[in-house]
Amino acid sequence: MSEIAIDAQRRTEFGKGAARRLRRDKKVPVVVYGHGEDTQHLALPAHELMLALKQSNALLSLKLDGKSQLVLPKAVQRDPVRHSIEHVDLVAVRTGEKVTVEVVVRLDGKIAPGGLLEHVHDTITIEAEATNIPSELVVSVEGLEVGSSVHASDVDLPQGVVLVAEAETVVVHILSAQSAAAEADEAEEAAAAAAASAASGATTGDEAAAAAAAAAETPEESA
């Protein structure tokens with residue numbers, strides 16, 4: 001994985017107002033932590049950061065005070081409407097350091113006729129050197145027939161990459177079209193039954209409340 005160089009600047013103001021001013025200046029507030037060092041509060045150019053984070057597990061090389069710091073994105077906060085990047089947590093890493101990350105699984109090929117592909121897990125957790133994280137893991141589904149499955153242990157991993165996910169984790173499963181339709185019908189029926197049960201419970205609750213109110217208004221008979 002190649003490094004993506006980005007110029008960083010230190011932040012001296014904090015809080016929502018300071019963050020809004022940064023965003024108006026086309027910058028994103030970020031924090032960098034790790035290796036027991038003090039947390040760094042930085043600002044990165046919004047456009048460059050947006051482009052960099054389009055790559056899964058992007059390895060960033062922050063340029064600051066004439067030095068470079070390797071980091072990986074840990075958490076990205078986005079505006080719920082505009083989807084623009086609001087804040088990013090970055091974890092510091094070193095060359096040769098092993099990290100645990102989730103890597104996207106890309107499927108390749110066509111399954112056998114009559115089947116329906118179910119992509120159960122679209123990422124797999126692996127351990128790799130911070131500077132050698134694969135951008136994706138390719139799983140061939142060519143010719144897979146109904147009933148076939150691909151597990152995490154079946155995925156070819158690049159040299160130096162170790163599987164962290166459970167070996168029996170199902171990545172891909174091939175269903176028959178008929179069974180898939182039956183499962184969909186069962187799911188719809190279960191949802192309808194749950195909705196009906198909830199409605200019945202609400203009605204029962206209303207009736208109980210009405211009965212309690214009526215009882216409260218009815219004078220007790222004398223002994």
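Which residue's side chain does Glu136 meet in a salt bridge? Some notes from going through this one, which is a predicted model.

1. The partner is Arg106, with an N to O distance of 2.9 Å. Glu136 sits in the loop between β10 and β11 while Arg106 belongs to strand β8, so this contact ties together parts that lie 30 residues apart in sequence. Neither end is hidden away: Glu136 is partly exposed at 32% relative accessible area, and Arg106 is partly exposed at 37%.

2. Now the sheet around that contact. Four strands make up an open sheet in the order β11-β8-β10-β13, and the pairing is mixed. Its edges are β11 (137-140) and β13 (162-163), each of which pairs on one side only. Inside, β8 (residues 98-108) runs antiparallel to β10 (residues 123-129), with 7 bridges between them. If you want a spot to check by eye, Val101 stands opposite Ile126 of β10.

3. Strand β3 (residues 27-34) is worth a look too. Of its 8 residues, 6 are buried, so the rest of the structure largely encloses this strand. β3 pairs in the parallel sense with strand β7 (residues 85-92) over 4 bridges, and there Val31 has Asp89 as its bridge partner. β3 is also joined to strand β4 (residues 37-45), this time antiparallel, by 7 bridges.

4. The turn between β3 and β4 deserves a quick backbone check. The hairpin has 2 residues between its strands, and His35 takes a positive phi near 60°. Just before the turn, Gly34 has Glu37 of β4 as its bridge partner.

5. Back to charges: the structure has 5 salt bridges. One of them joins Glu86 and Arg23 at 3.7 Å, N to O. Glu86 is in strand β7 and Arg23 in helix α1 (residues 16-24), so the pair links parts 63 residues apart in sequence. Arg23 itself is partly exposed, at 28% relative accessible area.

6. Another salt bridge is the one between Asp79 and Arg82, at 3.4 Å from N to O. The two ends sit in contrasting surroundings: Asp79 has 12% relative accessibility and so counts as buried, the cut-off being under 20%, whereas Arg82 is exposed at 61%.

7. Finally, a surface feature. Asp154, Asp156, Glu166 and Glu168 form a negative patch. Within the patch, Glu166 is in the loop between β13 and β14 (170-176), and its relative accessible area of 63% makes Glu166 exposed.

Notes. Residues numbered from 1 in each chain as written. Predicted model: local features only at pLDDT ≥ 70, side-chain atom pairs only at ≥ 80, totals over all residues. Heavy atoms only, no water. Pairing = 2+ DSSP bridges. Patch = residues over 30% accessible without salt bridge, like charges linked within 9 Å, V, L, I, M, F, W, Y side chains within 5 Å. Areas by Shrake-Rupley, 256 points an atom, 1.4 Å probe, with all protein chains shown as cover. Salt bridge = Lys/Arg side-chain N within 4 Å of Asp/Glu carboxyl O. Lys, Arg positive; Asp, Glu negative; His and termini not counted. Charge placed at Lys NZ, Arg CZ, Asp CG, Glu CD. Buried < 20%, exposed > 50% of the residue type's maximum accessible area, 1.4 Å probe, protein only.
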